[in-house]
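Dear colleague,

I am passing on the structure we discussed, together with some notes on what turned up when I went through it. Please read the notes beside the sequence and the model shown here.

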Amino acid sequence: MASTETENLEIEVGIPNAEITANATAHIRISYANNGSESIELNIDPDAPAPLPSTEEEPGLVLLSDAYDPTRASDECWKPEEESFPEPAVVNQYAIEPGQTVELEYDVWANPQQEASCIEPGEYQFEPIEGEFVLIVEDE
């Protein structure tokens, strides 16, 4: 029997690559571990996680999985062209079994709806399916 209870769900955010360069952007990993005795259902797709925008509108960031592969607006910035920005994925009911950990992988992009042309330094709040976290972008 699957449950939507999340008291046994441990959420961890990792940053395997924190550096943003002309050749690569930062990489974020959100892990969901089921520490309970029953499976937990979440609206996620581990193979193609839905885009995750920051709660701030301007400037803003969006976390995108490699599955979307958007076109960059310019070679200098990690901002997708607005017309290449992916539509939200179909909601999936994914069961995380007891003892199982599911990892969602994302790249950091500037939100294509913002006026700024690149990723701006600042603090960005994210609210994934469960929990919340702050990502801090600093100047070099």
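Glu103 is a convenient place to start, because at 41% relative accessibility this residue counts as partly exposed, a class that lies between buried (under 20% relative accessible area) and exposed (over 50%), with a 1.4 Å probe and protein chains only. Before going further, please keep in mind that this is a predicted model, in which local features need pLDDT of at least 70 and side-chain atom pairs count only at pLDDT 80 or more, while totals for chains, interfaces and linings use all residues. Residues are numbered from 1 along each chain as its sequence is written, and side-chain values use heavy atoms, with hydrogens and water left out.

Salt bridges

Side chains of opposite charge can pair when their charged atoms come close. With a salt bridge taken as a side-chain nitrogen of Lys or Arg within 4 Å of a carboxyl oxygen of Asp or Glu, the count comes to 2 salt bridges. Glu103 pairs in this way with Arg29, and their closest N and O atoms are 3.6 Å apart. Because Glu103 belongs to strand 10 (residues 101–110) and Arg29 to strand 3 (residues 27–34), this pair ties together parts that are 74 residues apart in sequence; strands here are DSSP runs of E with at least two residues, helices are runs of H or I with at least four, and both are numbered from the N terminus. Arg29 also meets the side chain of Glu105 in a salt bridge, with 2.6 Å from N to O. Since Glu105 lies in strand 10 and Arg29 in strand 3, the pair ties together parts that are 76 residues apart in sequence. Arg29, Glu103 and Glu105 are thus linked in a network of salt bridges. Arg29 counts as partly exposed because its relative accessibility is 28%, and Glu105, at 26%, is also classed as partly exposed.

The overall chain

The chain contains 0 helices and 12 strands, and 39% of its 140 residues count as buried.

The disulfide

How many disulfides does a search of the whole structure find? The search gives 1 disulfide, where the term stands for a pair of cysteine sulfur atoms within 2.5 Å. The bond joins Cys77 to Cys118, with an S to S distance of 1.5 Å. Cys77 sits in strand 8 (residues 77–80) and Cys118 in the loop between strand 10 and strand 11 (122–126), and the pair links distant parts of the chain that are 41 residues apart. Cys77 counts as buried because its relative accessibility is 6%, whereas Cys118, at 22%, counts as partly exposed.

Other pairs from separate parts of the sequence

Cys77 also has a C-alpha to C-alpha distance of 9.8 Å to Ala24, although the two are 53 residues apart in sequence. Ala24 lies in the loop between strand 2 and strand 3 and, at 30% relative accessibility, counts as partly exposed. Leu9, found in strand 2 (residues 9–17), counts as buried at 11% relative accessibility, and its C-alpha atom is separated by 9.5 Å from that of Thr101, 92 residues apart along the chain. Asn92, in the loop between strand 8 and strand 9 (93–96), is 7.6 Å from Leu42, C-alpha to C-alpha, with their positions 50 residues apart in sequence. Asn92 counts as partly exposed at 29% relative accessibility.

Two points on the surface

Where does Asp69 lie? Asp69 is in the loop between strand 6 (61–64) and strand 7 (72–74), and it is exposed, with a relative accessible area of 64%. Asp69 has a positive phi of about 45 degrees although it is not a glycine. Most residues other than glycine have a negative phi.

Finally, Glu58, Glu115, Glu120, Glu138 and Asp139 gather in a patch of negative charge on the surface. For such a patch, residues need over 30% relative accessible area and no salt bridge, and like charges are joined within 9 Å; the areas come from the Shrake-Rupley method with a 1.4 Å probe, Asp and Glu count as negative, and the place of a charge is CG of Asp or CD of Glu. Asp139 lies in the segment after strand 12 (133–137) and counts as exposed because its relative accessibility is 64%.

With best wishes

Terms used:
Patch = residues over 30% accessible without salt bridge, like charges linked within 9 Å, V, L, I, M, F, W, Y side chains within 5 Å.
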